[in-house]
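These notebook entries set down what I looked up in one structure. The structure is shown first, and my entries follow.

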Amino acid sequence: MVAALELYLDTDATRRIRVLWDALESEGVQSMRSLLEQRHRPHVSLAVAARFDPDQVAEALAGTVVAAPLRLEFQHAGQFVGRVLWLGPTPTTELLAHHAQVHHRLARAGITLVEHYQPGRWVPHCTLSMRVPNALMAAAVRRCLEVLPLTATVVGAAITDHARGISHPLP
């Protein structure tokens with residue numbers, strides 16, 4: 001399992017993504033709703049690591065508003081190798097700059113981060129399913145397109161490590 005620095009979405013966007021999770025489940029696709037005893041929350045991860053020390057991360061980000069009220073415009077659905085389905089916000093200059101700032105502060109504190117989430121490699125996304133059967137991918141993507149476009153505002157942030165039971169809110 002991995003730890004993540006998650007950005008949470010406003011109530012309406014969260015509700016719409018949860019409705020999408022239900023629609024995916026009705027198609028036979030296990031959504032993120034089914035994982036982690038239904039404690040999973042729609043989000044966009046800014047950083048991922050094998051483990052995070054919440055106090056070290058909080059210290060590294062002191063003075064930074066991690067939950068900056070960014071406006072996210074989800075315009076597309078995508079798939080990562082391994083049958084991972086997601087919705088993607090447009091990578092605006094503001095979002096990419098915020099991501100780079102957070103990574104710079106974490107790296108300066110000596111916190112090791114997963115390479116795919118580094119600036120220049122990061123694909124901003126909200127994961128919908130991690131196990132889409134190949135035969136159901138077309139139906140799953142069609143369900144995603146039914147909810148797009150989706151506008152969201154970042155309203156919160158936290159360090160999470162579900163394997164260790166950690167959910168540490170950040171400003």
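**Entry 1. Backbone at Arg83**

In which loop does Arg83 lie? I located Arg83 in the loop between β3 (71–80) and β4 (84–89). I note at the outset that the model I am reading is a predicted one. I looked up the backbone angle of Arg83 and found a positive phi of about 70°, although Arg83 is not a glycine. I recorded this because most residues other than glycine have a negative phi. As for exposure, Arg83 is partly exposed, with a relative accessible area of 34%.

**Entry 2. A cis peptide bond**

I next looked at the peptide bonds. Most peptide bonds are trans. Leu148 and Pro149, however, are joined by a cis peptide bond, with omega at about -5°. I placed Pro149 in the loop between α4 (137–147) and β6 (150–161).

**Entry 3. Cysteines**

How many disulfides does a search of the whole structure find? The search returned 0 disulfides. Cys126 takes part in no disulfide, and the nearest cysteine sulfur to it, that of Cys144, is 9.8 Å away. A disulfide is a covalent bond between the sulfur atoms of two cysteines. The cut-off for such a pair is 2.5 Å, and the sulfur of Cys144, at 9.8 Å from that of Cys126, is too far for a bond. I then checked burial. Cys126 is buried, with a relative accessible area of 1%, and Cys144 is also buried, with a value of 0%.

**Entry 4. The surroundings of His40**

Is His40 buried or exposed? I found His40 to be buried, with a relative accessible area of 10%; the cut-off for buried is under 20%. His40 has its place in the loop between α1 (11–26) and β2 (43–49). Setting aside neighbours within four places in sequence, I listed the contacts of His40 as Arg18, Trp21, Met32 and Leu35.

**Entry 5. Salt bridges**

I counted the salt bridges next, and the structure holds 8 of them. I examined three.

The first on my list pairs Arg15 with Asp12, and their closest N and O atoms are 2.8 Å apart. Both residues, Arg15 and Asp12, lie in helix α1, 3 residues apart, which is about one turn of the helix. Arg15 counts as partly exposed at 45% relative accessibility, and Asp12 is partly exposed with a relative accessible area of 38%.

Another pairs Arg33 with Asp22, with the closest N and O atoms 2.9 Å apart. Arg33 lies in the loop between α1 and β2 while Asp22 lies in helix α1, so this pair ties together parts that are 11 residues apart in sequence. I noted Arg33 as partly exposed, with a relative accessible area of 28%, and Asp22 as partly exposed, with 38%.

In a further pair, the side chains of Glu115 and Arg121 meet at 2.4 Å, N to O. Glu115 counts as exposed at 52% relative accessibility, whereas Arg121 is partly exposed with a relative accessible area of 41%. I also followed shared partners: salt bridges of this kind join Asp22, Glu25 and Arg33 into one network.

**Entry 6. Helix α3**

What distance separates the end C-alpha atoms of helix α3? They are 22 Å apart. Helix α3 (residues 93–108) has 16 residues and, at 1.5 Å a residue, should span 22 Å, so the two values agree.

Which residues of α3 are buried? I listed Leu95, His98, His99, Val102, His103, Arg105 and Leu106. These buried residues cover an arc of only 160° around the axis, and therefore they sit on the same side of α3. The face turned away from this buried side carries the exposed residues Thr93, Glu94, His104 and Arg108.

I then asked what covers the buried residues of α3. The cover includes β1 (3–9), β2, α2 (54–60), β3 and β4. The strands β3 and β4 in that cover also flank the loop of Arg83 from my opening entry.

My last look was at the backbone just after α3, where Gly110 takes a positive phi of about 80°.

How values were computed. Residues are numbered from 1 along each chain as its sequence is written. Side-chain values use heavy atoms; hydrogens and water are left out. Helices (H or I, at least four residues) and strands (E, at least two) are DSSP runs, numbered from the N terminus. Buried means under 20% relative accessible area, exposed over 50%, partly exposed in between (1.4 Å probe, protein chains only). Contact means heavy atoms within 4.5 Å. A salt bridge is a side-chain nitrogen of Lys or Arg within 4 Å of a carboxyl oxygen of Asp or Glu. The expected span of a helix is 1.5 Å times one less than its number of residues. The arc is that of the directions from the helix axis to the C-beta atoms.
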